[in-house]
Number of protein chains: 2
Amino acid sequence: MAGSSVKPTPLLKDELDIVIPTIRNLDFLEMWRPFFEQYHLIIVQDGDPSKIIKVPDGFDYELYNRNDINRILGPKASCISFKDSACRCFGYMVSKKKYIYTIDDDCFVAKNPSGELINALEQHIKNLLSPSTPYFFNTLYDPYREGADFVRGYPFSFREGAPTAVSHGLWLNIPDYDAPTQLVKPRERNTRYVDAVLTVPKGTLFPMCGMNLGFNRELIGPAMYFGLMGDGQPIGRYDDMWAGWCMKVICDHMGWGVKTGLPYIWHSKASNPFVNLKKEYKGIYWQEDLIPFFQSAVLPKECVTVQQCYIELAKQVKEKLGKVDPYFIKLADAMVTWIEAWDELNSSGEKSSKSTSK
Amino acid sequence: MAGSSVKPTPLLKDELDIVIPTIRNLDFLEMWRPFFEQYHLIIVQDGDPSKIIKVPDGFDYELYNRNDINRILGPKASCISFKDSACRCFGYMVSKKKYIYTIDDDCFVAKNPSGELINALEQHIKNLLSPSTPYFFNTLYDPYREGADFVRGYPFSFREGAPTAVSHGLWLNIPDYDAPTQLVKPRERNTRYVDAVLTVPKGTLFPMCGMNLGFNRELIGPAMYFGLMGDGQPIGRYDDMWAGWCMKVICDHMGWGVKTGLPYIWHSKASNPFVNLKKEYKGIYWQEDLIPFFQSAVLPKECVTVQQCYIELAKQVKEKLGKVDPYFIKLADAMVTWIEAWDELNSSGEKSSKSTSK
């Protein structure tokens, strides 16, 4: 069972990076020390690059501020958001590891109903290392978990499952609500611990939150672009959503799975709903066009790498969403720039393709 | 919260029937007394009609044996299975209530993790009375439950939800496994209480188990045909699966939702895996053709009632699955007979259609 002790995760010591976007000292890491200390951290400093970010002693990390991003990417740095946690995706790009775990700096270690600290990272790794079931819903949830299996009526030809690309974790305490819901329900807290991991079925979209997220960078990394948000952009707080919709369409095309559910983290503080409303309101409006777009997006068979899928999706974004607002033309261009920058920094010639799936 | 007390369900006194297929005395009802006693039971006696089935005192019930079924349906009784719990669907047909709850006679009251008895019926009613979310996945599960809502990134235009047609409950203790899994894992017990209700997304099939199942008969009743199983048929234990696949295709077409998850019942006894294997083996084989068939089945826009959908589906079954085995030609004919019998017994002229959705 997940998270029953404070032992460090025995897996993937050299295969996983933890990516943290931040504008402040990383005191929150103290609580994560037993779980994170053995891993390498990639800290993406947002905002004023002259500010010094303090990292607790004993952590192995590299830190990139805006000057670093500009220096490393040159003109292509334009695809990385500024003054928005969307900048975290720069960390995915510079990592060389197989797996990424990304977490917000206001997220703490949660407890399970027995009062034990939850090793979120260990559960993400379990989720990522076991297959997904995107083609048929299993009513007892993840059939690969201990004590569970496929139920009667589950086709045997589907039981091998699909490679898992993404593990989407949840949040106790402050739920990830939009500004209108925050305003309407300021006191709502998530206290329900749902002991389940499940695959989001093929063809179904979901709202992917970047707060507590693991993924197989080797498989889906190039699709994990968090878009243009924050400074100079008309929109915020849709960075992870955008990545999630693009990623899901591509996973469905490539035959990979996306899991959601466990692990929980403890989300400590609601962000300001008034500020959030300002960031979100165009997104709330545009989203009514975005979802039908992604629900009907089809990638041609010729797209056999994630990069090819993503470039094709950028083309469709420009063509179809460009009519909704000129912002999407700029975003489509940034999607192409992102892939160019990704390939430059990851030039070993490996591309995430159907054949590299584990 | 569900099931926190032994108070009878305060809802739907005259709107719900409980359907129980059985071959034995219904002693199991004693444990359900506080939850079921206020409702009317429809008992469908399977096997030898001369056998007397004892029902504990104090329950309001009607009981139908094979002679009754033959008398009521005449030649159309051929569509009702014999020596198989698939006969339960006769009870759906003779009911006049809006909602049906059906339960197996080896299912007992389960306890939640706090040790309280779970009022399964109350939770089914909650599930059926609140909308479903088939068009987009909500990561905090049923957004209509107390303490939950739609998360950031969930399109506002989808938040009204869809009418809920089916509530599929789960089982603690003996999981609903097929014969091969029973044989391989004879000691596996389901001990994981997952505190969630969720909508099976549009376009996704799942294995619907008839052991602990609620549905809106007014909406989806005519699609809840449990097929030809048991005596004289080449197959068993696919009755509920068949109903679930037909029902799901029709709900997707009609714009209705299907929920799964809570409530749990306590499933006391695994059936004999050797007997089950004999019943199942053709189904396990055929299923590899059935699932692609149902996954690609499309109903024309002209089908605006469940009856029309079901007749159309029967036509497609005959055309496409008839090639798999002549059994499916017989089954397709029985599907048509079922609808004719349904309409005869429910001749008030009401038909489940898009316009009657609540």
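Here are some friendly notes on a predicted model with chains A and B, going from the pairing of the chains to strands, rings and one buried side chain.

1. **How the two chains relate.** Two copies of a chain are related by a rotation about an axis and a shift along it. Here, chain A is superposed on chain B by a rotation of 180° with 0.0 Å of shift along the axis, at an RMSD of 0.0 Å. That is the relation of a two-fold axis. If you would like a landmark in chain A, take Val194(A): its C-alpha is the nearest to the axis, at 2.8 Å. Both copies use the same surface, as 100% of the contact residues of chain A recur in chain B.

2. **A covered strand.** Strand β1 of chain A spans residues 16-22, and 7 of its 7 residues are buried. Neither face is left open: on one side Leu16(A), Ile18(A), Ile20(A) and Thr22(A) are buried, and on the other side so are Asp17(A), Val19(A) and Pro21(A).

3. **The strands beside it.** Which strands pair with β1(A)? One of them is β4(A), residues 99-103, which runs parallel to β1(A) and is joined to it by 4 bridges. Within that pairing, Leu16(A) has Tyr99(A) as its bridge partner. Another is β2(A), residues 40-45, also parallel, with 6 bridges to β1(A). There, Asp17(A) stands opposite His40(A). So you can follow two residues that sit on opposite sides of β1(A): Leu16(A) to Tyr99(A) in β4(A), and Asp17(A) to His40(A) in β2(A).

4. **The connection over the helix.** Between these strands it is worth tracing the chain by eye. β1(A), helix α1 of chain A (residues 29-36) and β2(A) form a β-α-β unit, and the unit is right-handed.

5. **An aromatic pair in that helix.** A pair of aromatic rings is described by the distance of the centres and the angle of the planes. The whole structure holds 46 aromatic pairs over all chains. Take Trp32(A) and Phe35(A): their ring centres are 6.2 Å apart and their planes meet at 70°, so this pair is edge-to-face. The two residues lie 3 residues apart in helix α1 of chain A, which means that about one helical turn separates them. Both Trp32(A) and Phe35(A) are buried.

6. **An aromatic pair in a loop.** The rings of Phe136(A) and Tyr154(A) are also edge-to-face, because their planes are at 80°, with the centres 4.9 Å apart. Both residues belong to the loop between α4 (120-129) and β6 (164-173) of chain A, and the pair links parts of the chain 18 residues apart. Are these two residues buried or exposed? Phe136(A) is buried, with a relative accessible area of 0%, and Tyr154(A) is buried too, at 1%.

7. **A ring cluster.** Further along chain A, ring pairs join eight residues into a cluster: Tyr238(A), Trp242(A), Trp245(A), Trp286(A), Phe293(A), Phe294(A), Tyr327(A) and Phe328(A).

8. **A buried asparagine in chain B.** Asn173(B) belongs to strand β6 of chain B, residues 164-173. Its relative accessible area is 12%, so Asn173(B) counts as buried, the cut-off being under 20%. What lies 2.9 Å from a polar atom of the Asn173(B) side chain? The backbone oxygen of His267(B) does. Leaving aside residues up to four places away in sequence, Asn173(B) touches Glu188(B), Arg189(B) and Asn190(B), along with Trp266(B), His267(B) and Ser268(B).

Conventions
Residues are numbered from 1 along each chain as its sequence is written. Chains are lettered from A and ligands numbered from 1 in the order in which they are written. Side-chain values use heavy atoms; hydrogens and water are left out. Buried means under 20% relative accessible area, exposed over 50%, partly exposed in between (1.4 Å probe, protein chains only). Two strands pair if DSSP finds at least two bridges between them. A crossover is right-handed if, with the strands pointing away from the viewer, the path from the first strand over the helix to the second runs clockwise. A polar contact is a pair of N or O atoms within 3.5 Å; within protein, one must be able to donate a hydrogen and the other to accept it, and residues adjacent in sequence count only if both atoms are side-chain atoms. Contact means heavy atoms within 4.5 Å. Copies are superposed by least squares on the C-alpha atoms of residues with pLDDT of at least 70 in both. Rings of Phe, Tyr and Trp (its six-membered ring) pair if their centres lie within 6.5 Å; planes under 30 degrees apart count as stacked, over 60 as edge-to-face and the rest as tilted.
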